Amino acid sequence: MGLPEEIAAMRGGSGHSGRLLGEFRRTPLLVPLSEGDDGGLMTGWQGGVRWIYAFTDEGALARFAQSRGAGAGTGAREWEYLSILGARLVDAVIPTVDGPTGVAVDVADEDASMLFPPVVGIVADAYAVDAGADRADAV
């Protein structure tokens, strides 16, 4: 099963978090670059967390671009992106970002999106917002 199928299974109640996370880590994701001069990754803020936007294929990225007003008509800008493994995002990129950072996958697809928050088991403990929490309280 690929990442979209694992997300669908999880959202449908038959998924397994370990399989989902494993598939996320193995999947090459398309991450749009920001328009600014910083050349960084496109992100958004929600709930005090910075979310890196990532997509499972060009169609999902195109739907996101359209949802942000970047239509396919004349004069539409081309969105630059990089392809990066989910594991590389959480293991190498997130440690370089200031503040709590997670990954938002396929966010333009209401029934196919999934958030990978900055918590123990997804990001390194040093960057997890719940790293110091009592594990019994977290259940």
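The chain exposes about 7,800 Å², and carbon and sulfur atoms supply 50% of that area. The model is predicted. Of the 139 residues, 37% count as buried. Contacts reach far along the sequence: among those between residues at least 6 apart, 57% join residues at least 24 apart.

**Fold**

The chain has five helices and six strands. Read from the N terminus, the elements run α-α-β-β-β-α-β-α-β-β-α.

Four of the strands form an open sheet. Their order is E2-E3-E5-E6, and the pairing is mixed. Strand E2 (43-46) and strand E6 (114-116) are the edge strands, each pairing on one side only. Neighbouring strands of this sheet are turned by 30° against each other on average, direction ignored.

Strands E3 (residues 49-54) and E5 (residues 101-105) run parallel. Five bridges join them. Alanine 54 stands opposite valine 105 in E5.

Two helices meet the E5 and E6 part of the sheet. Helix H1 (residues 3-11) lies across E5 and E6, at about 100° to E6. Helix H2 (residues 17-26) packs on the sheet and touches E5 and E6; its direction makes about 80° with that of E6.

**Aromatic pairs**

A search of the whole structure finds four aromatic pairs. Two of them are set out here.

| Pair | Centre to centre | Angle between planes | Type |
|---|---|---|---|
| Phenylalanine 24 and phenylalanine 116 | 4.0 Å | 15° | stacked |
| Tyrosine 53 and phenylalanine 64 | 4.8 Å | 45° | tilted |

Why is the pair of phenylalanine 24 and phenylalanine 116 called stacked? The planes of the two rings stand at 15°, and planes under 30 degrees apart count as stacked. The pair links distant parts of the chain: phenylalanine 24 belongs to helix H2 and phenylalanine 116 to strand E6, 92 residues apart. Are these rings buried or exposed? Phenylalanine 24 is buried, with a relative accessible area of 0%. Phenylalanine 116 has 3% relative accessibility, so it counts as buried; the cut-off is under 20%.

The tilted pair also links distant parts of the chain. Tyrosine 53 sits in strand E3, and phenylalanine 64 sits in helix H3 (residues 58-67), 11 residues apart. Tyrosine 53 is buried at a relative accessible area of 13%. Phenylalanine 64, at 4% relative accessibility, counts as buried.

Which residues form one aromatic cluster with Tyr53 and Phe64? They are Phe55 and Trp79.

Definitions and conventions:
Residues are numbered from 1 along each chain as its sequence is written. This is a predicted model: local features need pLDDT of at least 70, side-chain atom pairs count only at pLDDT 80 or more; totals for chains, interfaces and linings use all residues. Side-chain values use heavy atoms; hydrogens and water are left out. Two strands pair if DSSP finds at least two bridges between them. Axes are lines fitted to C-alpha atoms, for helices over the stretch in contact, and angles run from 0 to 180 degrees between N-to-C directions. Contact means heavy atoms within 4.5 Å. Buried means under 20% relative accessible area, exposed over 50%, partly exposed in between (1.4 Å probe, protein chains only). Accessible areas come from the Shrake-Rupley method with a 1.4 Å probe; for residues, only the protein chains shown count as cover. Rings of Phe, Tyr and Trp (its six-membered ring) pair if their centres lie within 6.5 Å; planes under 30 degrees apart count as stacked, over 60 as edge-to-face and the rest as tilted.
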